[in-house]
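Student: I have a structure to study and would like to talk it through. Can we go step by step?

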Amino acid sequence: MSASSEQVEGAADLDVRGPFTVVLRRSGTSRPVPADRSLLEVVEEVLPVPFTCREGTCGSCVSTVLEGVVDYRNTVLSPRAKAKGARIALCVDRSVTPELVLDL
Ligand code: FES
């Protein structure tokens with residue numbers, strides 16, 4: 001194995017765009033979130049979620065995070081809110097951790 005292929009494998013480990021599992025604590029269910037689908041799309045299969053923009057700008061889909069680390073991509077939450085990690089925009093944000101637990 002060459003040094004360059006090791007670097008590529010290491011980069012893959014840090015790829016936060018990959019799939020993860022969302023646990024909807026109050027709904028008592030979990031769902032896989034594939035890399036090519038948004039968290040909002042997956043959650044909408046379980047329960048209705050308010051949304052307007054689907055671009056991370058309006059805030060209507062923002063929900064509460066109970067466990068896990070969010071990969072922030074939205075522009076609606078403040079840097080302070082993102083540092084706390086307790087809120088997530090379902091339409092664009094993803095998960096750094098393999099599992100994300102939401103208060104839904
Ligand atoms: S729908 Fe607007 S921020 Fe998610």
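Student: Which residues does S38 touch, not counting residues up to four places away in sequence?

Tutor: Keep in mind that this is a predicted model. S38 is found in the loop between strand 2 and helix 2. Leaving out residues up to four places away in sequence, S38 touches V33, L90, C91 and R94.

Student: Is S38 buried or exposed?

Tutor: Look at its relative accessible area, which is 16%. Buried means under 20%. S38 is below that cut-off, so S38 is buried.

Student: In what order do the five strands of the open sheet lie?

Tutor: Strands of a sheet pair through backbone hydrogen bonds, either parallel or antiparallel. In this sheet the pairing is mixed. The edge strands are strand 2 (29–33) and strand 5 (87–89), and each pairs on one side only. Reading across, the order is 2-1-7-3-5.

Student: By how many degrees are neighbouring strands of this sheet turned against each other on average?

Tutor: The sheet in question is the open one with five strands. Direction is ignored for this angle. The average turn between neighbouring strands is 40°.

Student: In which sense do strand 1 and strand 7 pair, parallel or antiparallel?

Tutor: Strand 1 covers residues 20–24, and strand 7 covers residues 99–102. Four bridges join them. One pair to find is T21 opposite E99 in strand 7. The sense of the strand 1 and strand 7 pairing is parallel.

Student: Which residue in strand 7 stands opposite E67?

Tutor: Start with strand 3, residues 62–67. Strand 3 pairs with strand 7 in the antiparallel sense, over two bridges. Opposite E67, in strand 7, stands V101.

Student: And in strand 5, what is the bridge partner of T64?

Tutor: Strand 3 and strand 5 pair over three bridges. The sense is antiparallel. The bridge partner of T64 in strand 5 is R87.

Student: Which element supplies the largest share of the largest nonpolar core?

Tutor: That core has 25 residues, and L39, V43, I88, L90, L100 and L102 have the most contacts inside it. Strand 1, helix 2 (39–44), strand 3, strand 5 and strand 7 each supply at least two residues. The largest share is four residues, and they come from helix 2.

Student: Which residues is V43 in contact with, leaving aside its neighbours within four places in sequence?

Tutor: V43 is among the core residues with the most contacts inside the core. Set aside the neighbours within four places in sequence, and the contacts of V43 are L24, V49, L90 and L104.

Methods: Residues numbered from 1 in each chain as written. Predicted model: local features only at pLDDT ≥ 70, side-chain atom pairs only at ≥ 80, totals over all residues. Heavy atoms only, no water. Pairing = 2+ DSSP bridges. Axes fitted to C-alpha atoms, helices over the stretch in contact; angles between N-to-C directions. Core = buried A, V, L, I, M, F, W, Y, C linked by side-chain atoms within 4.5 Å. Buried < 20%, exposed > 50% of the residue type's maximum accessible area, 1.4 Å probe, protein only. Contact = heavy atoms within 4.5 Å.
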